[in-house]
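Student: I would like to learn how to read one helix in its surroundings. Could we work through an example together?

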Amino acid sequence: MTKLPLFNIAKRGFCTCLPKYNLNTYLGRCGHKCIYCYAVKFPSFTGPTIPRLKLIDQIEDMAKNTKLKLPVMLSDCTDPYQPLERKYQITRKCLESLVKYDFPLLIVTKSDLVVRDINLIKQVPSVISITITTLNEEKARFWEPNAPSPTRRLKTLERIVDAGIPATARIDPIIPFVNDDLTEFRELVLELAEIGVKQVTASTFKPVRGFFQTLKTLDSTLYKKLSQIYSDGEWILGYKYLNIEKRRKIIEKVRQIVLDYGLNFSSCREGFPELNTTICDGTKYCRKLLTEYT
Ligand code: SF4
């Protein structure tokens with residue numbers, strides 16, 4: 001009997017997520033092709049993008065056979081609204097069954113295509129998180145070449161908030177020398193606050209093996225600077241973390257800016273849960289039994 005797969009907390013260091021399900025509607029390399037993508041450390045998320053067409057036939061049974069109505073996240077390793085979704089609509093078909101069986105939804109994406117499904121998503125308790133790492137279009141084009149521009153992502157957040165769906169923003173990853181400038185960060189958080197997002201979740205960059213080699217071929221100056229700043233960091237479960245003092249300093253500064261604008265704040269997989277005012281995945285806004293964060 002197939003059921004919805006549980007989100008695997010053990011794969012991620014310092015993860016504070018509550019139990020939930022997770023559905024990756026595509027395998028292979030995500031079509032947004034972010035240079036910093038963490039998912040490429042898993043063999044199933046390399047190579048050409050593979051639409052999981054079988055899910056279209058399986059999802060109804062998976063939803064029906066899963067009795068505990070935990071939130072379902074789409075997705076932890078690939079963007080559920082990557083370019084091929086326009087054609088295959090696998091995410092949409094999955095949402096139709098999940099909504100039918102009344103599962104809360106946690107959508108994480110960089111794409112404005114999510115707007116297509118707003119009327120569906122709003123039928124159950126849901127949260128939509130849009131990842132936006134910078135307002136700078138040029139930087140975004142370099143780091144997230146096939147993802148919608150920052151401007152489109154902000155407009156998407158507006159549409160989500162207008163539809164009455166709780167929206168959060170993930171400023172993730174924060175990459176030293178790239179998007180860690182506090183003035184730029186403040187501008188971004190101000191935009192998010194004005195739109196009406198409920199929380200910002202932030203996380204420092206944790207390169208996976210092979211990242212530095214790729215960067216060396218793309219930007220040798222930045223490669224040298226980043227290699228240097230990560231040189232006293234540590235590998236945790238296949239991710240290179242900045243040294244703890246360095247990453248705590250970044251997270252504390254970012255946190256203060258987010259709180260200055262009256263938003264909730266959470267770090268993600270940093271090991272500083274005491275700095276969080278809420279849970280990183282926005283789950284607070286879609287779990288019926290979770291009204292307070294303690
Ligand atoms: S959108 Fe997410 S999953 Fe897709 S390439 Fe970018 S970081 Fe990876």
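Student: Which residues of α7 are buried?

Tutor: Bearing in mind that this is a predicted model, the buried residues of α7 are F185, L188, V189 and L192. They cover an arc of only 95° around the axis, which puts them on the same side of α7.

Student: Why do residues three or four places apart point the same way in an α-helix?

Tutor: The general idea is that an α-helix has 3.6 residues a turn, so residues at such spacings share a direction. In this case, T183 and E194 are exposed on the other side of α7.

Student: What do the buried residues of α7 pack against?

Tutor: Their packing partners are two strands, β7 (167–174) and β8 (199–204), together with the helix α10 (244–260).

Student: How does the span of helix α7 agree with its number of residues?

Tutor: One takes a rise of 1.5 Å a residue, by which the 14 residues of helix α7 (residues 182–195) should span 20 Å, and the end C-alpha atoms are indeed 20 Å apart, so expectation and model agree. Just after α7, G196 takes a positive phi of about 110°.

Student: What radius of gyration would a compact globule have, and what does the chain have?

Tutor: With 294 residues, a compact globule would have a radius of gyration near 19 Å, and the chain has 18 Å, which agrees. Of these 294 residues, 43% count as buried, and among contacts with a separation of 6 or more, 71% are accounted for by residues 24 or more positions apart. The secondary structure of the chain comes to 10 helices and 11 strands.

Key
Residues numbered from 1 in each chain as written. Predicted model: local features only at pLDDT ≥ 70, side-chain atom pairs only at ≥ 80, totals over all residues. Helix = DSSP H or I, 4+ residues; strand = E, 2+ residues; numbered from the N terminus. Expected span 1.5 Å × (residues − 1). Buried ≥ 20, exposed ≤ 12 C-beta atoms within 10 Å, placed from the backbone. Arc of directions from axis to C-beta. Contact = placed C-beta atoms within 7 Å. Rg over C-alpha atoms; globule rule 2.2 N^0.38 Å.
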